[in-house]
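User: I'd like to learn how to read packing, backbone and contact features from a model. Could you walk me through some examples?

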Amino acid sequence: MGRKKTYIEDIDRGIYDIRNEFTYKYKADKGLTPEIIKDISREKNEPKWMTDFRLKSLEIYNSMPIPTWGPDLSDLNMDEIVTYIRPDTEMKHSWDDVPEEIKKTFQLLGLPQAERESLAGVGAQYDSEVVYHNIRKELVDQGVVYMDMETALIEYEDIVREYFMTLVPPTAHKFAALHGAVWSGGSFVYVPEGVDVDIPLQSYFRLNAPGAGQFEHTLIIVEKGSRLHFIEGCSAPKYKVNNLHAGCVELFVKENATLRYSTIENWSKNMYNLNTKRAVVDKNGTIEWISGSFGSKVSMLYPMSILRGEGARSEFTGITFASKGQHLDTGTKVVHAAPYTTSTVNSKSISKDGGYAFYRGLLKVAPNAYGCKSTVSCESLMLDNESKSDTLPIIELNNDDIDIGHEAKIGRISDEAIFYLMSRGISEEEAKAMIVRGFVEPITKELPLEYAVELNNLINIELEGTIG
Amino acid sequence: MITWKRIKLENFTFPKIYDYKKEFIRLDGEVPVGLRLDKIYDTIDRTKINWLNSNEIYGLGKEFLSFVNEFYNSGISLYLNSNIKLNNPIVVEFNMDKENPTVIDKNIIIAEPNSEATILFHYCTDEEVEAFHNGFTEIHAKENSSLTIIKIQRMNDLSQNFDTNIAYVKGEGKVNWITVELGSQISGSNYTTFLDEVASESKLSSIYLGDGNRKMDLSYSMIHKGPRSISNIESRGALMDNSRKVFRGNLDFRRGSRLAKGSEEEYVLLLDPSVKSDSIPALLCEEDDVQGEHAASAGQINESQLFYLMSRGLREREAKKLIIEGAFRPVIDRIPIKELKEIIDLEVERRLINE
């Protein structure tokens with residue numbers, strides 16, 4: 001007696017899959033050699049310390065092994081990846097100056113419109129370089145800096161040098177070393193003391209070239225008592241060859257400051273997304289991560305919060321949707337390194353059509369971090385039995401004055417819940433749709449509107465038979 | 001050389017193994033009809049299960065299992081005929097001393113359909129001796145059989161304890177595990193249950209106490225293969241002094257385990273700032289139509305409970321002892337031998353008040 005199942009189609013990738021003709025001004029050779037690194041650095045007119053940093057990172061990269069845990073990376077051949085592609089344009093501050101084809105891509109992605117309506121600043125990266133960057137004048141007047149990393153390296157060299165890759169050192173893992181060697185593009189944000197940036201900034205990373213890598217670096221410093229909401233969006237059209245994304249995000253949240261970092265990742269399914277994100281939070285500061293992982297072939301993504309000041313707080317809200325051919329290994333790491341720090345982790349995952357969703361988390365409490373509180377909650381929903389879903393939250397406690405709670409659940413939608421709703425006069429299909437929407441609701445309400453709508457659309461498709 | 005990172009077991013090598021010359025099967029009166037109980041080396045009929053060639057990695061690892069297979073010096077082989085139900089528990093006791101400081105036991109228990117039995121293993125050291133235990137217990141619970149396996153470990157603080165337990169449960173069979181970990185310097189124990197067939201069931205209740213410099217690596221796995229199989233893991237522990245523990249609980253729903261249910265709960269009381277407590281609860285799932293959940297919590301003793309008891313005139317340590325004993329009580333009460341229950345109560349009390 002087979003129960004009927006609901007088949008939910010893939011996210012309609014439509015606009016994401018539009019690919020432009022591959023044109024460029026400068027393209028590095030495939031693979032990695034000190035010469036390629038020097039070329040990239042020269043092309044960018046970088047100070048010598050950065051060139052040296054890149055070369056040192058390359059050495060570390062060559063000396064480190066590929067991680068042996070998690071998804072299989074054997075299909076990823078670094079010798080086939082082009083690490084640096086300069087698009088055929090300079091950086092612009094007005095959309096009118098951006099070349100037509102690139103502008104059209106971003107228009108389809110809705111970026112210029114969102115900028116007019118709901119954003120305080122926008123950065124757009126195309127392949128390896130930022131092609132557009134703009135910020136509202138009011139914010140500039142208040143001393144807020146939002147620019148591409150290359151410009152920041154020249155204009156704010158001291159700040160960049162002080163912070164750059166100190167939180168994620170090239171020695172962290174092999175792909176952090178790779179990032180250190182070939183990083184290009186990304187955004188730099190500096191919010192001075194006491195400034196409340198009440199509308200979000202958004203950077204959008206688009207990888208158009210086939211067989212290429214994108215290695216953008218995002219560095220955000222939020223000074224004492226300031227607030228910022230930063231949105232990161234990523235997408236790429238699908239190619240038959242593997243693409244690689246090994247970006248790096250470093251967030252410095254100072255005393256009493258609050259930073260919300262939202263990511264919507266919708267890479268195509270030929271992408272290896274091996275991204276590293278870390279935040280360090282000082283006294284009474286707050287970091288909020290909103291993380292949506294929908295795309296890519298393989299993801300290894302574990303945003304890390306280091307709560308190093310007393311009373312610091314972190315909140316992680318994440319959703320992972322693994323579909324056919326996807327292995328999404330995601331999660332979060334929280335290190336309580338100071339007393340009275342608190343953290344919340346709320347993760348949901350859905351897997352379908354042979355997709356593999358893996359929650360991998362770490363919660364660590366240092367010996368001196370007394371009075372800490374933490375709750376970790378992971379829920380997974382499987383929509384068929386070709387798929388896989390695993391949960392592995394590691395908890396390491398090193399003192400006794402703590403209050404830790406962890407919960408995880410896996411399963412399908414309960415018949416009782418459906419029965420209850422139906423007894424209230426709601427049709428079976430509608431009841432099921434309501435339950436799935438309810439499952440992801442805590443996440444969708446945190447997402448920027450357009451993504452929340454997209455996720456809801458996806459759930460509403462073809463709700464027939466039992467979900468699960 | 002073996003290294004376990006989490007409990008800082010570094011470059012471990014096996015000690016010299018001596019014969020275990022004492023009687024370890026305690027059986028009062030006649031051997032019941034339908035039971036064949038032998039010492040393992042008396043058994044000609046070695047089981048045919050070739051577990052060492054299995055691709056599934058389980059137990060404490062190949063080194064420990066191969067070592068048992070090569071060097072076992074004790075253990076039982078127990079065969080229970082169909083439809084036989086034993087009323088009294090079978091007790092296997094290893095009391096290590098200077099003459100018999102090492103126990104490498106290999107136990108095979110086969111319960112035929114519809115049989116029922118309780119088997120209790122007791123590992124202890126009554127003398128101050130550096131004892132060593134590395135054991136492997138393999139259980140086959142056939143259709144509709146019901147086995148309760150109790151393992152009590154109260155070796156002294158100079159000793160080392162390693163124990164692997166694996167059960168294969170057939171249709172509607174049931175294996176209940178009760179494990180009590182109170183002693184030894186280093187203790188690694190692993191309980192893996194394969195719920196092979198339809199409606200097989202397993203429940204594991206564990207209590208542990210960490211004091212002094214004890215290091216414990218406790219791992220419990222329930223592997224659901226059969227449809228409608230049911231599992232439950234419940235672990236309660238208390239850590240004090242410089243003790244360190246790792247809890248690993250795995251609920252693994254393999255493809256085909258439709259409508260299976262598994263749950264797992266871990267609760268640990270932390271009594272001193274210098275303890276270390278790691279928990280790694282994993283939920284692995286290849287089947288959509290299952291229910292699995294785990295919960296873990298850790299913290300100090302509830303202050304209002306403590307305050308209430310102290311307002312009744314109890315000293316803090318006594319009050320704490322009472323609360324911990326209260327948490328352990330449901331598991332200790334399931335031990336079917338009165339004298340042993342009393343011994344455990346005393347041991348818990350001694351370790352908690354030992355100052």
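User: Let's start with helices. What is the handedness of the crossing of H9(A) and H10(A)?

Analyst: Happy to help, and please keep in mind that this is a predicted model. The crossing of H9(A) and H10(A) is right-handed. On the H9(A) side, the contact is made by Ala417(A), Ile418(A), Leu421(A) and Met422(A), while H10(A) brings Glu428(A), Ala431(A), Lys432(A), Met434(A) and Ile435(A). Sorted by class, the residues of this contact are seven nonpolar, no polar and two charged.

User: How are two packed helices described?

Analyst: The general idea is a pair of values: the angle between the axes and the distance between them. Here, helix H9 (residues 415-423) and helix H10 (residues 428-444) of chain A pack at about 125°, and their axes are 9 Å apart. That angle makes H9(A) oblique to H10(A), because it falls neither under 35 degrees, nor over 145, nor in the range 65 to 115.

User: At what angle do H1 and H2 of chain A cross?

Analyst: Helix H1 (residues 34-43) and helix H2 (residues 48-63) of chain A cross at roughly 155°, and their axes come within 10 Å. H1(A) is therefore roughly antiparallel to H2(A), as angles over 145 degrees are counted that way. This crossing, too, is right-handed. From H1(A), Pro34(A), Ile37(A), Lys38(A) and Ser41(A) meet Met50(A), Thr51(A), Arg54(A), Leu55(A) and Leu58(A) of H2(A). The contact of H1(A) with H2(A) holds five nonpolar, two polar and two charged residues.

User: And in chain B, how do H2 and H3 pack?

Analyst: In chain B, helix H2 (residues 303-311) and helix H3 (residues 316-332) pack at an angle of about 125°, with 9 Å between their axes. H2(B) is thus oblique to H3(B), and the crossing is right-handed. Gln305(B), Leu306(B), Leu309(B) and Met310(B) of H2(B) meet Glu316(B), Ala319(B), Lys320(B), Leu322(B) and Ile323(B) of H3(B). Six of these residues are nonpolar, one is polar and two are charged.

User: Now the backbone. Which sign of phi do most residues other than glycine have?

Analyst: Most of them have a negative phi, which gives you something to look for. Met165(A) is not a glycine, yet its phi is positive, about 50°. You can find Met165(A) in the loop between helix H7 (157-163) and helix H8 (174-182) of chain A. In chain B, Leu259(B) also has a positive phi, near 60°. Leu259(B) sits in the loop between strand S18 (244-253) and strand S19 (261-270).

User: Are Met165(A) and Leu259(B) buried or exposed?

Analyst: The way to read this is to count C-beta neighbours within 10 Å, where 20 or more means buried and 12 or fewer means exposed. Met165(A) has 21 such neighbours, so Met165(A) counts as buried. Leu259(B) has 15, so Leu259(B) counts as partly exposed.

User: Can we try a strand residue? What does Ile221(A) touch?

Analyst: Ile221(A) lies in strand S9 (residues 217-222) of chain A. Leaving aside residues up to four places away in sequence, Ile221(A) touches Tyr163(A), Tyr190(A) and Phe252(A). With 24 other C-beta atoms within 10 Å, Ile221(A) is buried. Sequence separation can be set beside distance as well: Ile221(A) and Val145(A) are 76 residues apart in sequence and 9.8 Å apart in space, C-alpha to C-alpha.

User: Which residues does Leu397(A) touch?

Analyst: Leu397(A), in strand S25 of chain A, has partners in both chains. Beyond residues up to four places away in sequence, Leu397(A) touches Val365(A), Ile402(A) and Ile404(A), together with Leu270(B), Lys276(B), Ser277(B) and Ala298(B). Leu397(A) is buried, with 27 other C-beta atoms within 10 Å.

User: How many residues does each chain give to the contact?

Analyst: Chain A gives 31 residues and chain B gives 31 residues. On the chain A side, strand S24 (372-382), strand S25 (388-397) and strand S26 (402-411) each supply at least two residues. The residues on that side divide into eleven nonpolar, ten polar and ten charged.

User: Last one: into which domains is chain A divided?

Analyst: Chain A is divided into domain 1 (15-412) and domain 2 (413-468). Taken over C-alpha atoms, their centres are 30 Å apart.

Terms used:
Residues numbered from 1 in each chain as written. Chains lettered and ligands numbered in written order. Predicted model: local features only at pLDDT ≥ 70, side-chain atom pairs only at ≥ 80, totals over all residues. Domains from an automatic or database assignment. Helix = DSSP H or I, 4+ residues; strand = E, 2+ residues; numbered from the N terminus. Contact = placed C-beta atoms within 7 Å. Axes fitted to C-alpha atoms, helices over the stretch in contact; angles between N-to-C directions. Left-handed = near helix turned anticlockwise from the far one by under 90°. Nonpolar A, V, L, I, M, F, W, Y, C, P; charged D, E, K, R; others polar.
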